[in-house]
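Reader: I am new to this structure and would love a friendly tour. Could you take my questions one by one?

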Amino acid sequence: MRVWLDSLRRPTVLVNVVLALVAVGGALWAVQTVRGPATAEAGTGSAQQRVIPVTQGDVTASVSASGNVQSASTATANFVTSGTVTEIAVKVGDVVTKGQVLAKVDTTLVQAQLDTARANRTAAGANYTRVKNAGGDAASLASASASVSSADAAVVSAQAAVDGTVLTAPIAGTVTAVNGAIGSSSGGSSSGSGSGSGSGTGATGSTTSSGFITLADLNSLQVSANFAEADATRLKVGQAATITWSALSGTRATGTVATVAPTATTQNNVNSYAVVVSIATPPAGVRLGQSTSVQVTVASASNAIRVSTLALRGTGTQRTVDVMVNGAVETRTVEIGVEGNQFAEVKSGLAVGDQVVVTMQSGSTTTNQQNGLFGGGGGLPAGGGAGPAGGGGGRGGN
C-alpha cells in the first residue's frame with residue numbers, strides 16, 4: 001500500500017491515472033448517448049411520447065391508385081369493300097385530319113359492276129320511255145317504273161362499293177397501328193367493323209386495335225385506373241386529381257375525375273372500380289400506355305384548426321385526445337371533420353396552440369407519418385411545430 005501511495009505522489013503517474021479515469025467516463029457517456037433512452041430504441045416496440053401543438057392550416061383527404069395513359073378519343077378504320085390492298089398512304093406516328101385518305105384497294109371488279117349497273121339503268125329508263133310513248137296501260141307503266149327504281153338502287157350500291165375501296169380517317173388524330181400491307185386482303189365489311197361509305201367507323205373512347213388502321217387523338221388524353229372498393233365510394237365526377245409518371249421523373253399534371261364505373265371488377269376475390277381521369281394539359285413526353293399514379297382529392301378544409309392524426313383515438317367524428325395542461329394530462333373529446341393522412345380538421349374541443357400528446361411506437365408502421373409530422377423522422381421537443389405533410393399508401397393528404 002505504501003508503495004502504491006508513493007507512486008501516486010509522483011506527478012507523472014498521477015496525471016496518467018486522471019487521464020485514464022476521464023477516458024473511461026467519456027466512453028460511458030458516449031455509449032449512453034448513442035443508445036439513448038430505452039423507450040427510443042428501434043425494434044423494441046416501446047412507446048415514446050411527444051407533445052406537439054394544435055395548428056391552423058389546410059387539410060386534405062385523398063385516395064390514390066395506379067393507372068395507364070389512354071386517348072380519350074380513338075377510332076378504328078376498316079374498308080367497306082373487300083379487295084387487294086394497292087396503297088397505304090400513312091404509317092404509325094403520322095398525324096392525319098378527318099377525311100384524309102389512309103389506304104386504297106383494287107377497284108377493277110367493283111368498277112366493272114358499277115359500269116354494268118349504270119348501263120342497266122340507262123336501258124331501264126329507255127324502256128320506260130318507250131312504254132309511256134306507246135300509250136301502255138297502267139300495269140305496263142308500273143312494271144317499267146319498277147325496273148327503273150331497281151336499276152337506280154343497283155347503281156347506288158355499286159357506287160358505294162367503289163367508294164368503299166378508299167379508306168379515309170374517321171377522326172383527326174395520330175396513326176397508332178396499321179394492321180395490313182400492300183398486296184394483302186382488305187377484309188372489307190366481312191370483318192364486321194366497316195359500314196357506310198368507306199370512311200371507317202369511329203368509336204370515341206374505344207381502345208380496340210382490330211381495325212385496318214387505328215387512330216388516337218393525342219391532344220385529348222386520360223388515365224384509366226382501378227380504385228379499391230373502399231376508396232371508390234368517396235369518388236365523384238368532377239373531383240380534382242394529381243397525376244405523376246413512373247417514366248417521367250418529377251412530371252406532374254392536374255386532372256379531373258371523368259367517370260366512375262358503377263360496377264366492380266373482381267380479381268383474386270378483390271373488388272375494384274374503373275375510374276377515368278381526364279388530363280387537363282398533357283406534359284411533354286407523355287405516351288399512350290405509360291404507367292401513372294393518380295391521387296384524387298375527396299375532401300378538403302381550408303385554414304382549419306388541425307391536429308395530428310397520431311393524437312386521435314377512436315373512430316367516427318367523435319374522438320378523444322390527450323392534452324397537456326399545466327404539466328398534467330387531461331383527456332378531451334373532440335369533433336373531427338375532414339381527416340387526412342397527417343392532420344384532421346377539428347370542429348370543436350381544441351384551439352390553436354393547445355399541446356396534444358402523441359404516443360409513437362418505435363419501429364412501427366407510423367414511421368412515415370412521424371417523419372412527415374416532425375420534418376425528417378427525428379424527435380420533437382415538447383411544444384415543437386409540425387412539419388409539412390404528405391400522403392402515403394392508398395390514401396393521403398394533409
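**Two helices, a small sheet and a core**

Author: Let us begin with helix 4, whose buried residues are Ala-144, Val-148, Ala-151, Val-155, Ala-158, Ala-161 and Val-162. Buried means under 20% relative accessible area, exposed over 50% and partly exposed in between, with a 1.4 Å probe and protein chains only. Helices (H or I, at least four residues) and strands (E, at least two) are DSSP runs numbered from the N terminus. The model is predicted, so local features need pLDDT of at least 70 and side-chain atom pairs count only at pLDDT 80 or more, while totals for chains, interfaces and linings use all residues. Residues are numbered from 1 along each chain as its sequence is written, and side-chain values use heavy atoms, with hydrogens and water left out.

Reader: What do the buried residues of helix 4 pack against?

Author: Contact here means heavy atoms within 4.5 Å. From the other side, the buried residues of helix 3, including Leu-114 and Val-131, pack against helix 4. The buried residues of helix 4 pack against helix 3 (108-133) and strand 7.

Reader: How far apart are the end C-alpha atoms of helix 4?

Author: The expected span of a helix is 1.5 Å times one less than its number of residues. Helix 4 covers residues 138-163, so its 26 residues should span 38 Å. The model agrees with this, as the end C-alpha atoms are 37 Å apart.

Reader: Which residue with a positive phi follows helix 3?

Author: Helix 3 has 26 residues, and its end C-alpha atoms are 38 Å apart, in agreement with the expected 38 Å. After helix 3 comes a residue with phi near 75°, and that residue is Gly-135.

Reader: Which strands stand at the edges of the open sheet with the order 4-6-7?

Author: This sheet has 3 strands with antiparallel pairing, where two strands pair if DSSP finds at least two bridges between them. Strand 4 and strand 6 (residues 101-105), for example, pair over 3 bridges, with Ile-88 opposite Ala-103. An edge strand has a single partner strand, so one side is left without a neighbour in the sheet; this holds for strand 4 (85-88) and strand 7 (166-168).

Reader: Which residues touch the most other members of the largest nonpolar core?

Author: A nonpolar core is a set of buried Ala, Val, Leu, Ile, Met, Phe, Trp, Tyr and Cys residues joined through side-chain atoms within 4.5 Å. Of the 29 residues in the largest one, those touching the most other members are Phe-227, Trp-245, Val-294 and Val-296. Among the elements that give two or more residues to this core are strand 2 (55-71), strand 11 and strand 16 (291-308).
The names you asked for are therefore Phe-227, Trp-245, Val-294 and Val-296.

Reader: Which residue of strand 2 stands opposite Val-294?

Author: Strand 2 and strand 16 pair in the antiparallel sense over 13 bridges. Val-294 is in contact with Val-63, Ser-64 and Ala-65, among others. The residue opposite Val-294 in strand 16 is Ala-65.

Reader: Is Gln-222 buried or exposed?

Author: Gln-222 lies in strand 11 (residues 221-228), which pairs with strand 2 in the antiparallel sense over 5 bridges. Among the residues that Gln-222 touches are Ser-71, Val-277 and Ile-279. Its relative accessibility is 12%, so Gln-222 counts as buried.

Reader: How many helices and strands does the protein chain have?

Author: The protein chain has 398 residues, of which 35% count as buried. Its secondary structure comes to 6 helices and 21 strands.

Note on methods
Lists of a residue's contacts leave out its neighbours within four places in sequence.
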